[in-house]
Amino acid sequence: MKVYIFYVTFFVAIIFTSCNNVSKEYYENGMLKKEYTKSNGVLHGVYKEYYRNGNIKLKHNYDLGVLKDSSLYFLKDVNKIDFIRFWSDSVGIKQIEYYPNGNLEKYGYVNDKFFKIGKWNFYNENGHLDVIRQYKIIDGNHHLNQEWKLNVKGDTLYTGSKYFDIQVMDDTISKGEQFLAAAFLRAQLYKDKPSEILVCLPNGEKDNFNKDFSNIREIKLDTFYNLHHDVKNQKNFEGFHKSYSVAFGKRFSEITGKRDIRGFIQEYYKEGDSIFSTKMYFDIPIYIKDTILPEPETKKIAINY
């Protein structure tokens, strides 16, 4: 009976060790480099990496090879968190970064290549929200699309900002009806230059830009000019800056259902024979009902095609 109990205890210990398969890797100087566990050949559980000086470098949590919960990334010379990534967020990969003093530096979302996407909040070392920036992935590249510089009260400052506003007449239209909108550049990039803007949409209702605008060179464009050139709409936008206001639209005669109106605002100015410009991209979701209006409605904005 005693022999039987000893045999069972020994057998369980062997199974426990082989199932966890704990592995450690070391630097040439003998300091621990990595420490992790595998299950069925893939990472499972806590994974740690260390700097050569012995400080922890990062900490992951794996569930059968898949990152879960959050990962902590540490500074090299002090045992403080540099930034955190949250893998289980439904929106994407949320990232929070810290100053060496422990105060919040910035946070937002990144894509699978760790490029910033969407709006990011940036703080100064005293904890004040200093800047909000909007990022987009354009043709595989990281693009700063808009920027809002804030004062200590949280008000947006013209200096240091670059942003626009789009006002949509109606985000639900009927088949054959015009989608109408207007773009306003509230703070321009070229503040010391006589710049102006225009808006470009894909020509035709079936063509559209890819989500990352990677096909922008392949699409024929409809160009809508600002109120300096669009005389018909000047009376509809009294009090607005003509150089930075554009009325634009699109008609859908065949397509119904959900649709994204993708386009860009181009700010530009001329200097001698050269033209300098920058693009700001937008994506407006609309819905097109499968009904045809008996009579075209009169709209306040006149769009010229």
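**Notebook: hairpins, rings and two spots on β21**

I started at one strand pairing: L150 stands opposite T156 in β14. I'm working from a predicted model, so I keep an eye on confidence as I go.

**Confidence.** I looked up pLDDT next. The protein averages 89, and 89% of the residues score at least 70. Which element has the lowest confidence, and which the highest? Helix α1 (residues 2-20) is lowest with a mean of 37, while β17 is highest at 98. I also noted that pLDDT stays below 50 over residues 1-19, a stretch with one contact in the model beyond its near neighbours in sequence. Low pLDDT means the predicted coordinates should not be read in detail. I left α1 there and went back to the strands.

**Walking the hairpins.** I followed the strands from β10 onward.

- β10 (residues 104-110) and β11 (residues 116-123) are antiparallel and joined by four bridges. I found Y109 bridged to I117 in β11. Five residues separate the two strands of this hairpin, and F114 in the turn has a positive phi of about 65 degrees.
- β11 and β12 are also antiparallel, with six bridges. Y123 is opposite L129 in β12. This hairpin again puts five residues between its strands, and G127 takes a positive phi near 95 degrees.
- β12 (residues 129-138) and β13 (residues 141-150) run antiparallel with eight bridges. V131 has K149 in β13 as its bridge partner. The hairpin has two residues between the strands, and D139 in the turn shows a positive phi of about 50 degrees.
- β13 and β14 (residues 156-168) pair antiparallel over three bridges, which brings me back to L150 and T156. Here five residues lie between the strands, and G154 in the turn has a positive phi of about 90 degrees.

**Charges over rings.** While I was on these strands, I checked for charges above aromatic faces. K116 lies over the face of W120, 4.9 Å from the ring centre. R133 puts its charged end over the ring of F122, at 4.5 Å from the centre.

**Aromatic pairs.** I count 18 of them in the structure. The one I opened up is F213 with Y281, a tilted pair with 4.7 Å centre to centre and 55 degrees between the planes. What does this pair tie together? F213 lies in the loop between β17 (196-202) and β18 (221-225), and Y281 is in strand β21 (residues 274-292), so the pair links parts 68 residues apart in sequence. Both F213 and Y281 are buried. I then saw that F209, F213, F264 and Y281 make up one aromatic cluster.

**Two more residues on β21.** Y281 had me on this strand already, so I looked up T278 and K289.

Is T278 buried or exposed? T278, which is found in β21, has a relative accessibility of 13%, so I log T278 as buried. Leaving out residues up to four places away in sequence, T278 touches K162, L189, Y190, I265, Q266 and E267.

K289 is found in β21 too. With a relative accessible area of 37%, K289 is partly exposed. Outside residues up to four places away in sequence, I find K289 touching T172, I173, S174, K175 and T256. I also checked K289 against K258: they are 31 residues apart along the chain, and their C-alpha atoms are separated by 8.9 Å.

Note on methods
Residues are numbered from 1 along each chain as its sequence is written. This is a predicted model: local features need pLDDT of at least 70, side-chain atom pairs count only at pLDDT 80 or more; totals for chains, interfaces and linings use all residues. Side-chain values use heavy atoms; hydrogens and water are left out. Two strands pair if DSSP finds at least two bridges between them. Rings of Phe, Tyr and Trp (its six-membered ring) pair if their centres lie within 6.5 Å; planes under 30 degrees apart count as stacked, over 60 as edge-to-face and the rest as tilted. Buried means under 20% relative accessible area, exposed over 50%, partly exposed in between (1.4 Å probe, protein chains only). A charge sits over a ring if NZ of Lys or CZ of Arg is within 6 Å of the ring centre and within 35 degrees of the ring normal. Contact means heavy atoms within 4.5 Å. pLDDT is the predictor's confidence in each residue, from 0 to 100.
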